[in-house]
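Okay, thanks for having me, everyone. I'd like to walk you through one model today, so please have a look at the screen while I talk.

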Amino acid sequence: MLNQVVLVGRLVKNPELKETEKGNKITSITLAVPRSYKNVDGEYETDFIDCTLWSGIAETTSEYCKKGDLLGIKGRLQSNSYEKENEKVYTTDVIAEKISFLSSKKNNG
């Protein structure tokens, strides 16, 4: 079986490094990934995909990346659920296993 995701997109906001109660480093980011086709109005739509980064990947990304930077992410999907107002809420995140810093917005303009 295979659970693998490859994304290329831009950071929606600056990454913030956090630490769990057990001392693990974590960063949650959102990538804006444009679709490769136009909608009925002739415009490209964008998907906003949540990604979770752990340990060294989290630290490095938080240190070197900022809003607008172009990143490549290889990882896996992970689904979770939690209770909110007596209803079960389901989420799916990308757990990053490898990050490539492709370019910064500053270098593009």
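**How far to trust it**

So, this is a predicted model, and I'll start with confidence. Within the chain, the lowest confidence falls in helix α2, residues 105-108, with a mean pLDDT of 55, while strand β1, residues 5-11, has the highest, at 97. Where pLDDT is low, the predicted coordinates should not be read in detail. For the chain as a whole, the average pLDDT is 93, and 95% of the residues reach at least 70.

**The overall layout**

Let's get our bearings. The chain has 109 residues, and 28% of them are buried. If you take the C-alpha trace along its principal axes, you get spans of about 45 × 35 × 35 Å. We've got 6 strands and 2 helices. Reading from the N terminus, the order goes β-β-β-β-α-β-β-α.

**Who pairs with whom**

Now the strands. Which strands does β1 pair with? Well, β1 is joined to β5, residues 70-84, by 6 bridges, running antiparallel. One place to look is Arg 10, which sits opposite Leu 70 in β5. β1 also runs antiparallel to β3, residues 25-38, with 2 bridges between them. There, you can find Leu 11 opposite Leu 31 in β3.

Stay with β3 for a moment, as β2 pairs with it too. That's β2 at residues 18-19, antiparallel to β3 over 2 bridges. Glu 19 has Lys 25 in β3 as its bridge partner. These two strands make a hairpin with 5 residues between them, and in that turn Gly 23 has a positive phi of about 90°.

On we go to β4. How many bridges join β3 to β4? There are 10, and the two strands run antiparallel. Val 33 is a handy marker here: across from Val 33, in β4, is Asp 47. β3 and β4 are another hairpin, again with 5 residues between the strands. In this turn the residue to click on is Gly 42, with a positive phi of about 80°.

Next, β5 and β6. These run antiparallel and are joined by 15 bridges. Try Gly 75: its bridge partner is Ala 96 in β6. The hairpin they form has 2 residues between the strands, and Glu 85 there takes a positive phi near 50°.

And then there's β4 with β6. Do they run parallel or antiparallel? Parallel, with 2 bridges joining β4 to β6, residues 87-103. To find the spot, look for Thr 52, which stands opposite Ile 95 in β6.

**The largest pocket**

Let's turn to the pocket. The largest pocket holds about 220 Å³ of space. Its lining has 13 residues, and those nearest the centre are Glu 16, Lys 18, Thr 27, Ser 28 and Ile 29. Which strand gives the most to that lining? It's β3, with 5 residues. β4, residues 44-54, is also a contributor: β3 and β4 each supply at least two lining residues. As for character, the lining splits into 6 polar, 4 nonpolar and 3 charged residues.

**The cysteines**

Last topic: how many disulfides are there? The count is 0. And why does Cys 51 have no bond to Cys 65? To count as a disulfide, two cysteine sulfurs have to be within 2.5 Å. For Cys 51, the closest cysteine sulfur is the one in Cys 65, and that is 12 Å away, so it's too far for a bond. Flip it around and start from Cys 65: the closest cysteine sulfur is in Cys 51, 12 Å off, so again too far.

Are these two buried or exposed? Cys 51 is buried, at a relative accessible area of 1%. Cys 65 counts as buried as well, with 8% relative accessibility.

**Before we stop**

If you want something to find on screen afterwards, start with the 15 bridges between β5 and β6. Then go over to β4 and β6 and look at how they run parallel. And if you end up at helix α2, remember that this is where the chain's confidence is lowest. Okay, over to you for questions.

Methods:
Residues numbered from 1 in each chain as written. Predicted model: local features only at pLDDT ≥ 70, side-chain atom pairs only at ≥ 80, totals over all residues. Heavy atoms only, no water. pLDDT = per-residue confidence, 0-100. Helix = DSSP H or I, 4+ residues; strand = E, 2+ residues; numbered from the N terminus. Pairing = 2+ DSSP bridges. 1 Å grid on protein atoms, 1.4 Å probe; cavity = no way out; pocket = protein on both sides within 12 Å on 5 of 7 lines; lining within 4 Å. Points joined across faces, edges and corners; volume = space filled by probe spheres on them. Nonpolar A, V, L, I, M, F, W, Y, C, P; charged D, E, K, R; others polar. Buried < 20%, exposed > 50% of the residue type's maximum accessible area, 1.4 Å probe, protein only.
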